[in-house]
Amino acid sequence: MRKTLLATAVAAVAAMPSFAAAQASSPHSIAGNMSIVSDYRFRGISQTFVQPAIQGGIDYSHKSGFYLGNWNSNVNGLSYTDGSIEMDIYGGYKFGAGPIAMDVGLLQYLYPGAKTTAGDKFDTMEAYVAGTWRWFTLKYSYALTDFFGAPNSDGSGYLDLPFNYELAPKFSFVAHYGMQTVENVSGADYDDYKIGVTYDLNGWMLGLAYIDTDTTLNVTNAAGKTEDLAKGTVVFSVAKSF
């Protein structure tokens, strides 16, 4: 079943036309994306019980700098009780500040049907600001609501430091360091790391990365298998934009 689903997704992406020609003379642009990953890691933590995920989204942007978008991924019910999908809705504004490319916006994480054991929703809204200079980006996200169901955790923050450098045409080195702080939850703060490479194969972006954290998160499934969802792992990915 999973192999059939992955094959269908890949075939669908390959058949999708490019919008570039139709949008060349318009101030509006629409772009889509789809990816398959061997494990969906969000800030270093597996969202799929160390299983694959199919992900995709669509983005609208205006030449003035404003944009809106939606991105979706399957998640595992062990992490999000009674939920099986993450839906992200975001919007913001991009502009230049000298040599720095700035980006400010809001992002709403939605988990339809998912609730904590206390009956609270995992849905979370964050505000973010980011600046990019050459190969470096600095981004900070601030939780405006409770942080993924944790009571009184609004004000939690995440500092994101990505690095992307082209080693050769179509072949890039990528790295990342992140620091998550969770308000009013003792021992929940942690750091995460990523190091890897990407290769553009005729419009298909292939990725290989090692992802790790400095924390542990042991979860046991219905079959009695326990996984540390924060342990180091290698993640493979295939992505396509259209």
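Mentor: Start with a cut-off. A residue is buried under 20% relative accessible area, exposed over 50%, and partly exposed in between. Keep in mind that this is a predicted model.

Trainee: Why is Y193 called partly exposed?

Mentor: Its relative accessible area is 35%. That value lies between 20% and 50%, so the label follows.

Trainee: How do you know how confident the predictor is in this protein?

Mentor: Look at the pLDDT, which runs from 0 to 100. The average is 91, and 88% of the residues score at least 70. Residues 1–14 fall below 50, and this stretch has 14 contacts in the model beyond near neighbours in sequence.

Trainee: What makes up the secondary structure of the protein?

Mentor: The protein has 16 strands and two helices. Its chain has 242 residues, 36% of them buried. Of the contacts with a separation of 6 or more, 45% join residues 24 or more positions apart.

Trainee: What share of the accessible surface belongs to carbon and sulfur atoms?

Mentor: They hold 63% of about 13100 Å².

Trainee: How many aromatic pairs does the structure hold?

Mentor: There are 16. One of them joins F66 and Y93, with 4.6 Å between centres and 40° between planes. F66 sits in strand β5 (residues 66–74) and Y93 in strand β6 (residues 85–97), 27 residues apart, so the pair links distant parts of the chain.

Trainee: What makes F66 and Y93 a pair, and why is the pair called tilted?

Mentor: Ring centres must lie within 6.5 Å, and planes under 30 degrees apart count as stacked, over 60 as edge-to-face. The 4.6 Å passes the distance test. The 40° fits neither outer class, so tilted is what remains.

Trainee: Are these two residues buried or exposed, or in between?

Mentor: In between. F66 has a relative accessible area of 49%, and Y93 has 30%. F66 stays partly exposed because the exposed class needs over 50%.

Trainee: What is the geometry of the pair Y177 and Y193?

Mentor: Centres are 5.6 Å apart and the planes make 35°, a tilted pair. Y177 is in strand β11 (residues 171–181) and Y193 in strand β12 (residues 190–201), with their positions 16 residues apart in the chain. Y177 is partly exposed, at 27%.

Trainee: Which residues do ring pairs link into a cluster?

Mentor: F42, Y109, Y111, F122, F147 and F148.

Trainee: How do you know that the charged end of K94 sits over the ring of Y67?

Mentor: It is 5.3 Å from the ring centre. The distance limit is 6 Å, and the charge must also be within 35 degrees of the ring normal. K139 likewise lies over the face of Y128, at 4.6 Å from the ring centre.

Trainee: Which residues touch the most other members of the largest nonpolar core?

Mentor: Y40, Y90, Y109, Y111 and F148, in a core of 18 residues. Strands β5 and β7 (100–110) are the elements that give two or more residues to this core. Another core, of six residues, lies apart from it and includes I45, F49, L229 and A230.

Trainee: Why is F49 called buried?

Mentor: Its relative accessibility is 7%, under the 20% limit, so buried is the class. F49 lies in the loop between β3 (45–46) and β4 (53–62).

Trainee: What is the phi of F49?

Mentor: It is positive, about 55°, although F49 is not a glycine. N202, another residue other than glycine, has a positive phi near 55°. N202 lies in the loop between β12 and β13 (204–213). At 63% N202 passes the 50% limit, so N202 counts as exposed.

Trainee: How do you know the class of E227?

Mentor: Its value is 10%, under 20%, so E227 is buried. E227 is in strand β15 (residues 226–228). Leaving aside residues up to four places away in sequence, E227 touches F49, V50, L217, N218 and V219.

Trainee: What of S35?

Mentor: S35 is at 13%, again under 20%, so S35 is buried. Strand β1 (residues 28–37) holds S35. Its contacts beyond four places in sequence include A53, I54 and V238.

Trainee: How far apart are M179 and R43 in sequence and in space?

Mentor: They are 136 residues apart in sequence and 8.6 Å apart, C-alpha to C-alpha. M179 is in strand β11. M179 has 31%, between the two limits, so M179 is partly exposed.

Terms used:
Residues numbered from 1 in each chain as written. Predicted model: local features only at pLDDT ≥ 70, side-chain atom pairs only at ≥ 80, totals over all residues. Heavy atoms only, no water. Helix = DSSP H or I, 4+ residues; strand = E, 2+ residues; numbered from the N terminus. Buried < 20%, exposed > 50% of the residue type's maximum accessible area, 1.4 Å probe, protein only. Contact = heavy atoms within 4.5 Å. Areas by Shrake-Rupley, 256 points an atom, 1.4 Å probe, with all protein chains shown as cover. Phe/Tyr/Trp six-rings, centres within 6.5 Å; stacked < 30°, edge-to-face > 60°. Core = buried A, V, L, I, M, F, W, Y, C linked by side-chain atoms within 4.5 Å.
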